[in-house]
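Please open the model in a viewer and keep the selection panel at hand. The tour below proceeds stop by stop, naming what to select and what is found there.

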Amino acid sequence: MKAVRFFGHKDVRVVNDMEKPSPKGEEVLLKIGGAGVCHSDLHIIDEGTVGGTVFTLGHENAGWIEEVGESVKGYKKGDAVLVYGPWGCGHCKPCQQSKENYCDHQSEMAYGGGLGLNGGMADYMLVPSARLLVPIFDLEPVVAAPLTDAALTPYSAIKRSLPKLMADEFVVVIGVGGLGHVALQILREISGATIIACDVTEEKLSFAKELGAAYTINSKDADAAEQIQKITGIKKAKVILDFVGATSTIELGTKVVSLDGDLTIVGLGGGHYQYSMNGLPFGVSMTNPYWGSRTELMEVVGLARQKKIHIEIEKYKLDEANEVYERMRQGKIKGRAVLVP
Ligand code: NAD
Ligand code: ZN
């Protein structure tokens, strides 16, 4: 079968000679319908954040059950499912609570399919347990695949700040890419706060307006923080969701976050922050959330089935993987790119 394989630093190749796996025990084999292309792949490919192993990329996966191992119950061939991405041990307390993104054993395990283990940019994917599947019912796998990360990650980040996102407050979203464009829609649907969106191109900023941003600011502007404060007034923004995570965006966040606010850094842009008592208003919680839980993914599927969120997708073939990654490096993808076998 065909697969998009990571061989090492800046070395991604499409191969045709992978063996189609066959599931045993708890395992499930999926026929892939779509695999989302996440910016985290670029951190792996360009910065070598997962070193030493060769594996199939793709950690945003959806498809149909092809075959199940002998101990799997409750699924039959043809059922449409998502693959929950952060694979935990399945036994520790966070895993029992469905929060495998915070599995106690994360430091000693590969992070999951497409992140050290074989992922879904292939004709078929082997999932280690049916526990990691979430049914999508009438949703189409190719459109639903990015729900597993581009929607789940912002959903989980927003949910933890929800009590602060009241109608008299402001929220700033930095980066209107794969995750950010869904974050805007989730905020529009589940929170009351006024949304201010930041990106670096006019295209992304007008896209943000279509998705619920009341205001847009180009974060490359030297006075971006002042522009935001003009909108919020003295109270500043209660919640900042940074989907870039560069030093410059973290600094922007510290300048516009309010007293007792949340500064949430989701982007893995390699930024630095030096704490100083006068640099941050009192009471700010600075967090770096990772992905979301299995039950939150079920809630995200509910939002999509009710048509409250919609993933804007660009479809490509597996063979085009390297071209797609290049488009992403240049910030040219609108919404999410999805590879279709
Ligand atoms: P993406 O490439 O689809 O989007 C990034 C967006 O940020 C683009 O629209 C780009 O124009 C914009 N941008 C770049 N520099 C900017 C700046 N200085 N100010 C404002 N906007 C800027 O990326 P994505 O797939 O949405 O991922 C975003 C980040 O989140 C990546 O770093 C990714 O690795 C990370 N991520 C983290 C988690 C997690 O669990 N913490 C999960 C998934 C992705
Ligand atoms: Zn991702």
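Begin by selecting strand E9 (residues 170-174) together with E10, in this predicted model. The two strands run parallel and are joined by five bridges. To see one of these pairings, display Phe170, whose bridge partner in E10 is Thr194. Next add H5 to the selection: the chain crosses from E9 through H5 to E10, and the β-α-β crossover formed in this way is right-handed.

Keep E10 selected and show its surroundings. Five of the six residues of E10 are buried, so the strand is largely enclosed by the rest of the structure. Now add E11, which pairs with E10 in the parallel sense over four bridges. Within this pairing, Ala197 stands opposite Thr216 in E11. With H6 included, E10, H6 and E11 make a right-handed β-α-β unit.

**Helix H6**

Select helix H6 (residues 202-210) and display its side chains. Which residues of H6 are buried? They are Lys204, Leu205, Phe207 and Ala208. Viewed down the axis of H6, the buried residues fall within an arc of 160°, so they line one face of the helix. Rotate to the other side of H6, where Glu202, Glu203 and Glu210 are exposed. Returning to the buried residues of H6, one finds them packed against helix H5 (178-190), strand E10 (194-199) and strand E11 (215-218). Past the end of the helix, select Gly212, which follows H6 and has a positive phi, near 120°.

**Gln185 in helix H5**

Move to helix H5 and select Gln185, which lies in it. Gln185 has a relative accessible area of 2% and is buried. What does Gln185 touch, not counting residues up to four places away in sequence? Its contacts are Leu211, Lys308, Ile309 and His310.

**Helix H4 and Pro154**

Select H4 next. This helix is mostly covered, with eight of its 10 residues buried. The buried residues are Leu152, Thr153, Pro154, Tyr155, Ser156, Ala157, Ile158 and Ser161. To view what covers them, add H5, strand E12 (237-242), strand E13 (257-265) and helix H9 (294-305), which are included in that cover.

Within H4, centre the view on Pro154. Its relative accessibility is 0%, and it counts as buried. Leaving aside neighbours within four places in sequence, Pro154 is in contact with Asp149, Leu179, Ala183, Ile186 and Phe243. For a distance across the chain, pick the C-alpha atoms of Pro154 and Asp242: these residues are 88 apart in sequence, and the C-alpha atoms are 10.0 Å apart in space.

**The zinc ion**

From Pro154, follow the contact to Asp149 and select the zinc ion (ligand 2), of which Asp149 is one of the protein donors. Which atoms of the protein serve as donors to this ion? They are Cys38 (SG), His59 (NE2) and Asp149 (OD), lying 1.7 to 2.4 Å from the zinc ion. In sequence, the spacing of these donor residues is C-x20-H-x89-D. His59 is located in the loop between strand E4 (55-56) and strand E5 (60-68), and Asp149 in the loop between helix H3 (141-144) and helix H4 (152-161), so the pair ties together parts that are 90 residues apart in sequence. Are these two donors buried or exposed? His59, at 2% relative accessibility, counts as buried, and Asp149 is buried with a relative accessible area of 5%.

**The sheet E2-E1-E4**

Select E4 again, now with E1 and E2. The three strands form an open sheet in the order E2-E1-E4, with antiparallel pairing. Strand E2 (11-15) and E4 are the edge strands, each pairing on one side only. Strand E1 (residues 3-8) and E4 run antiparallel and are joined by two bridges. In this pairing, Phe6 stands opposite Phe55 in E4.

**The two domains**

Finally, colour the protein by domain: domain 1 takes 3-149 + 292-340, and domain 2 takes 152-287. The C-alpha centres of domain 1 and domain 2 lie 27 Å apart. To display the contact between the domains, select the 24 residues from domain 1 and the 21 residues from domain 2 that take part in it.

Notes. Residues are numbered from 1 along each chain as its sequence is written. Chains are lettered from A and ligands numbered from 1 in the order in which they are written. This is a predicted model: local features need pLDDT of at least 70, side-chain atom pairs count only at pLDDT 80 or more; totals for chains, interfaces and linings use all residues. Side-chain values use heavy atoms; hydrogens and water are left out. Donors are N, O and S atoms within 2.8 Å of the metal (3.2 Å for Na, K and Ca); water is not among the atoms, so sites may look incomplete. Buried means under 20% relative accessible area, exposed over 50%, partly exposed in between (1.4 Å probe, protein chains only). The arc is that of the directions from the helix axis to the C-beta atoms. Contact means heavy atoms within 4.5 Å. Two strands pair if DSSP finds at least two bridges between them. A crossover is right-handed if, with the strands pointing away from the viewer, the path from the first strand over the helix to the second runs clockwise. Domain bounds come from an automatic or database domain assignment.
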